[in-house]
Amino acid sequence: MTARVGVVTFPGTLDDRDTQRAVRVAGAEAVPLWHRDKDLKQVDAVVLPGGFSYGDYLRAGAISRFSPVMETIIEQAKAGMPVLGICNGFQVLTETHLLPGAMLRNDNLHFVCRDQKLRVETSATAWTADFTDGQEISIPLKNIDGRYTAAERVLDELEAEGRVVFRYAGPGADGRAGGAGPTAGGYGNPNGSLRDIAGISNAAGNVVGLMPHPEHAVEPLIGTGRTDGLGFFTSVLKKLVAA
Amino acid sequence: MARVVVDVMLKPEILDPQGQAVQRALPRLGFDGISDVRQGKRFELEVEGPVDDAALARIREMAETFLANTVIEDFAVKVES
């Protein structure tokens, strides 16, 4: 049986079609989910794609959090269903408190759009099992509210529990506020995220959020020709087949 | 009708690059003597019915769960007029 991966569309979501395509390229069935529907159509996993849901009004992800579809997703995520939040989807996951911390305006105040080098810090999540610990990948990054922030004790806890899943990598990734700036060739911390954090997971490892965009790097024909993003989607398929 | 104002500000320890950009622009415009700027949000709520303790408690709950993200922001509730 083909695994069913739901892709949520909020008003203002941009990357739902690319995400559906990535799911299909990985070999699963992509199931469109509408923000007003509580029903998840028996999907096995959910992706919250990027964009500007509700125009980023109030705060990025703050209003989407209260949509009917999120009520069911929060419930299911707590019961172990794999959930991936990409960019705006990551912001929604922090607003729902499924993931700790919050996203702030980039410290350089630029909208940063570039291929971004990342280090996969752990393969022990539902969405990173097909990578190896410490593997470096490169996928597109595009946002202005991408500066990950959390209290020091929360950051310590994330590190101690192995829940920092992705870090911005390459020369210049020194965690310094100001980062490497938007034009530094895809290396280093693009936005002042604390401890170079690009993505994190919940304690169980089924909920993962990150700012860069794996769904834009799944086919050699487009973008930089790299398919480093495909591993996210094949990872969750393996997990679902094994379950 | 009474108005209740909710002010939301980034916590003091959170870097506010927008406020910094405003502060740095001030001397160029001839406004001297401002050592720091923090930028926040102000919500003006027109309340139906009396603003009693119960109504204020609901507004505080609204501010805490929705208007502010208390991971990064503080809020203050004030009754006007």
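The following exercises, each with a worked solution, concern a predicted model with a chain A and a chain B.

**Exercise 1. The interface**

Describe the contact of chain A and chain B: how many residues take part, how much area is buried, and which residues of chain A lose the most area?

*Solution.*

Step 1. Begin with the residues that take part. Chain A gives 18 residues to the contact and chain B gives 16 residues.

Step 2. Turn to the area. About 1300 Å² is buried between chain A and chain B, and 68% of it lies on carbon and sulfur atoms.

Step 3. Look at the side of chain A. Leu58(A), Arg59(A) and Leu109(A) lose the most area to chain B, and together they account for 37% of what that side buries.

Step 4. Consider the polar pairs. The interface holds 6 residue pairs in polar contact, both residues being at pLDDT 80 or more.

Step 5. Assign the side of chain A to its elements. Those that give two or more residues to it are β5 (102-104) and β8 (147-149) of chain A. The largest share, 3 residues, comes from β5(A).

Step 6. Sort this side of chain A by class. It has 8 nonpolar, 4 polar and 6 charged residues.

**Exercise 2. The salt bridge across the interface**

Identify the salt bridge between the chains, and state which other salt bridge Glu73(B) takes part in.

*Solution.*

Step 1. Across the interface of chain A and chain B, 1 salt bridge is found. Its partners are Arg59(A) and Glu73(B), whose closest N and O atoms are 3.7 Å apart. This distance satisfies the cut-off of 4 Å.

Step 2. Glu73(B) also meets Lys41(B) in a salt bridge, at 3.8 Å from N to O. Because Lys41(B) lies in strand β2 (residues 40-47) of chain B and Glu73(B) in strand β3 (residues 73-80) of chain B, this pair ties together parts that are 32 residues apart in sequence.

Step 3. Classify each partner by accessibility. Glu73(B), at 8% relative accessibility, is buried, whereas Lys41(B), at 30%, is partly exposed.

**Exercise 3. A salt bridge within one helix**

Determine where Glu61(B) and Arg58(B) lie, and whether each is exposed or partly exposed.

*Solution.*

Step 1. Glu61(B) and Arg58(B) form a salt bridge, with their closest N and O atoms 3.0 Å apart.

Step 2. Both residues belong to helix α2 (residues 53-67) of chain B, where they are 3 residues apart, about one turn of the helix. In an α-helix there are 3.6 residues a turn, so residues three or four places apart point the same way.

Step 3. Glu61(B) has a relative accessibility of 41% and is partly exposed. Arg58(B), at 56%, is exposed, because the term applies over 50%.

**Exercise 4. The surroundings of Arg167(A)**

Explain which parts of chain A the salt bridge of Arg167(A) and Glu121(A) ties together, and describe what Arg167(A) touches.

*Solution.*

Step 1. The side chains of Glu121(A) and Arg167(A) meet in a salt bridge of 2.7 Å, N to O.

Step 2. Glu121(A) is in the loop between β6 (112-120) and β7 (136-143) of chain A, and Arg167(A) is in strand β9 (residues 164-168) of chain A, so the pair ties together parts that are 46 residues apart in sequence.

Step 3. Arg167(A), with a relative accessible area of 14%, is buried, while Glu121(A), at 24%, is partly exposed.

Step 4. Leaving out residues up to four places away in sequence, Arg167(A) touches several residues, including Lys117(A), Leu118(A), Glu159(A), Asp196(A) and Ile197(A).

Step 5. Widen the view. Salt bridges that share partners join Arg167(A) and Glu121(A) into one network with Arg119(A), Glu152(A), Asp156(A), Glu159(A) and Arg195(A).

**Exercise 5. Nonpolar cores and helix α2(A)**

Name the residues that touch the most other members of the largest nonpolar core, and list the buried residues of α2(A).

*Solution.*

Step 1. The largest nonpolar core has 66 residues, of which Leu48(A), Ile73(A), Tyr148(A), Phe166(A) and Phe232(A) touch the most other members.

Step 2. Take Phe232(A) as an example. Among the residues it touches, not counting those up to four places away in sequence, are Leu84(A), Trp127(A), Phe131(A) and Phe166(A).

Step 3. Another core, of 12 residues, lies apart from the largest one and includes Phe43(B), Leu45(B), Val47(B) and Ala68(B).

Step 4. Helix α2 (residues 68-78) of chain A has these buried residues: Val69(A), Met70(A), Thr72(A), Ile73(A), Ile74(A) and Ala77(A). Their cover includes β1 (4-9), β2 (29-34) and α3 (88-95) of chain A.

Step 5. Just after α2(A), Gly80(A) has a positive phi of about 110°.

Technical notes:
Residues numbered from 1 in each chain as written. Chains lettered and ligands numbered in written order. Predicted model: local features only at pLDDT ≥ 70, side-chain atom pairs only at ≥ 80, totals over all residues. Heavy atoms only, no water. Contact = heavy atoms within 4.5 Å. Buried area = accessible area lost by both parts, 1.4 Å probe. Polar contact = N/O pair within 3.5 Å; in protein donor to acceptor, adjacent residues only side chain to side chain. Helix = DSSP H or I, 4+ residues; strand = E, 2+ residues; numbered from the N terminus. Nonpolar A, V, L, I, M, F, W, Y, C, P; charged D, E, K, R; others polar. Core = buried A, V, L, I, M, F, W, Y, C linked by side-chain atoms within 4.5 Å. Buried < 20%, exposed > 50% of the residue type's maximum accessible area, 1.4 Å probe, protein only.
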